Amino acid sequence: MSAMRGLFAIGALVGFAGCQTTGEPTGLPDLLIMNGVLHDGMGSDGRSASVLVDDGKIVRIVAIDERLPVAHQIIDARGLVVAPGFIDPHTHAGSDLAADDAMRRANLAFAFQGVTTVVVGNDGFGAADIAAQATSARANGIGTNVAYLAGFGPIREAVIGDANRAPSDAELTEMRHITRQAMCEGAWGLSAGLYYVPQNYAGTDEVVALAKEVSALGGYYDTHMRDESTYNITVEGALAETLEIGRKSSVPVHIAHIKALGPAVWGHSAKMIAMVEAAQATGQRVTADQYPWEASGTRVSNALVPRWALEGGLDALRERLRDPEQATRIREGIAQGYERRGGADRLLVTGSLHGAEVAVGDTLADIAKSQSLDPVDAAIAILMDGDARVASFNMSAADIAAFAAQDWVVTGSDGSTGHPRKYGSFPKAYQDLVNGDVGMSMARFVQRSSAQTADIIGLTDRGRIAPGLAADLVIFDPDEFAPRATYQSPRELSAGVRHLIVNGESVISDGQYTGALPGQPLLKQTGC
């Protein structure tokens, strides 16, 4: 806060409480947030109340008719919303939090969205060495809290590499042991990305076997489903597999970035919703997260190349492209990939990977035209050099709205480099759902961004504003909370967060980063 505003607030409170002070107050709570509209995260309407914080905890909610206490620091939140810090259940922030650069570890892309806790290890990519990751985070300092998922991919690869086969009984036992050890070290669950090579070589029962270890220790199963379109078993087939995994292993299921991807499955949200609700009616715990963008973020290789052709990685793909017979099959698969995605004009290049020379900001259709190439050849040319990140405009607004309306769907970002969702998903969801045509209440938006997500993960001391809970708080201007990131400029920090408190310490103050790194690794206590 500004010096004048802070002094005014402190002076007013001292007078109100009938206290006399000289110099720095002693023996007082750390922080009082006053005059804001409090949304506690539990779905109740906002109310006028103050929040008292001390030693990293919320110690008291002060009703409007109660005498205000005095504190070391005062935040006057007049005209602002005071809410639990948002929790993002699906990010790719792990590399930032482990970086040498303290500014990367500050995790400001998420902090300026009001996020105080991120989940990492999603899409089946999370390393299983949870204790080592947590030790590093504590030693080096991070800006937001972090919760870990153990990734199916590294677990499988540690035992059988990238082989396209089922594990032996002994190998499966070893995979189960690694999964259990990751849970014992503090992972909150198992993530899988069955769409991706080599994870997609695994059969359903293989995943079930690992999910049973997670279920036994009270964790959950987070999945990028095997298909979100018509790539292999179709989105409905993949959802059926997901529900089967949950049913056979008795594990809560969380569907990552739920969507119907591509024109071939637009409108299928209704059937998917019905499938989830039918499972819930039998007692299954099924939830999902959603980012509020019509474009997904992926790579040329993942978007267009048939899964079989990626076995062994990009070098193996290039060898196959040099074989005329295999090249013909790959070309046919890439053409089908374009069709699923709605055409080459729906794929916007947002970054280069592995040294490929690409025109960032152009669509693949633009690139093909500028080089006088067929779009299939344009994609192959990129893959022969390296790879490229793309934003794939392949979702319908009606499906996005249908999923957003479900009470089992929460806010998530899938935040990754080259897509504005890393920097702007929570404020965009606010703009679309609360200020847009959907007409969602502020209370519901806050709930689906905080307490409900905490419940999915299993966090019992975050996501709500109540005495005794961790002081993770966001204070934002409801008139200014909005994304600045775009597909052309995806790294713009969001607007509207005036203050962000993590574990009782200020990370953002009056809209500016304070330099603090108060985040903590949040580890599941399994009693192993």
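# Exercises on a predicted model

Pro198 is found in the loop between strand E11 (189-193) and helix H8, and the structure in which it is found is a predicted model.

**Exercise 1. Determine which form, cis or trans, the peptide bond from Val197 to Pro198 takes.**

Begin with the location, which is the loop that runs between E11 and H8. Then read the omega angle of the bond from Val197 to Pro198, which is near 5 degrees, and the bond is cis.

**Exercise 2. Describe how helix H6 (residues 152-160) and H8 are placed against each other, and name the residues that make their contact.**

Two packed helices are described by the angle between their axes and the distance between the axes. For H6 and H8, the axes come within 12 Å and cross at roughly 105 degrees. Angles of 65 to 115 degrees count as roughly perpendicular, and therefore H6 is roughly perpendicular to H8. The residues in contact are Phe152, Ile155 and Arg156 on the side of H6, and Glu206, Val207 and Leu210 on the side of H8. Sorted by class, this contact of H6 with H8 holds four nonpolar residues, two charged residues and no polar ones.

**Exercise 3. Carry out the same description for helix H13 (residues 324-340) and helix H15 (residues 375-385).**

The axes of H13 and H15 are 9 Å apart, and the two helices pack at an angle of about 110 degrees. This angle makes H13 roughly perpendicular to H15. From H13 the contact takes Arg331, Ile334, Ala335 and Tyr338, while H15 supplies Pro375, Val376, Asp377, Ala379 and Ile380. Counting by class gives seven nonpolar, no polar and two charged residues for the contact of H13 with H15.

**Exercise 4. Check whether the end-to-end distance of helix H9 (residues 234-249) agrees with its number of residues, and find what covers its buried residues.**

The helix has 16 residues, which at 1.5 Å a residue should span 22 Å. The end C-alpha atoms of H9 are 23 Å apart, which agrees with that expectation. The buried residues of H9 are Val235, Glu236, Ala238, Leu239, Glu241, Thr242, Leu243, Ile245, Gly246 and Ser249. Their cover includes helices H8 (204-216) and H10 (269-281), together with strands E12 (220-224), E13 (253-255) and E14 (286-290). After H9 comes Ser250, which has a positive phi near 55 degrees.

**Exercise 5. Work out which strands stand at the edges of the sheet with the order E15-E17-E16.**

This is an open sheet of three strands, and its pairing is antiparallel. Strand E15 (295-299) and strand E16 (347-353) are at the edges, because each has a single partner strand, so one side of each is left without a neighbour in the sheet. From one strand to the next, the twist averages 20 degrees. E15 and strand E17 (residues 387-393) are joined in the antiparallel sense over five bridges, and Ala295 has Phe393 in E17 as its bridge partner.

**Exercise 6. Establish how strand E8 (residues 115-120) is paired and whether its residues are buried or exposed.**

E8 pairs with strand E7 (residues 86-88) in the parallel sense over three bridges, where Phe86 has Val115 of E8 as its bridge partner. Four bridges join E8 to strand E9 (residues 145-148), and these two strands also run parallel; here Val119 stands opposite Ala147 in E9. Buried means under 20% relative accessible area. Six of the six residues of E8 are buried, so this strand is largely enclosed by the rest of the structure.

**Exercise 7. Locate Asp55 and Gly36, and decide for each whether it is buried or exposed.**

Asp55 is in the loop between E3 and E4, which are strands of residues 47-54 and 57-63 that pair in the antiparallel sense over six bridges. Its phi is positive, near 55 degrees, in a residue other than glycine. Asp55 counts as exposed, at 66% relative accessibility. Gly36, by contrast, is placed in the loop between strand E1 (31-34) and strand E2 (37-38), and Gly36 is buried, with a relative accessible area of 3%. Leaving aside residues up to four places away in sequence, Gly36 touches Arg47, Ser48, Ala49, Ala77, Arg78, Leu80 and Val82. The C-alpha atom of Gly36 is separated by 8.3 Å from that of Ile475, 439 residues apart along the chain.

Definitions and conventions
Residues numbered from 1 in each chain as written. Predicted model: local features only at pLDDT ≥ 70, side-chain atom pairs only at ≥ 80, totals over all residues. Heavy atoms only, no water. Expected span 1.5 Å × (residues − 1). Buried < 20%, exposed > 50% of the residue type's maximum accessible area, 1.4 Å probe, protein only. Contact = heavy atoms within 4.5 Å. Axes fitted to C-alpha atoms, helices over the stretch in contact; angles between N-to-C directions. Parallel < 35°, antiparallel > 145°, perpendicular 65-115°, else oblique. Nonpolar A, V, L, I, M, F, W, Y, C, P; charged D, E, K, R; others polar. Pairing = 2+ DSSP bridges.
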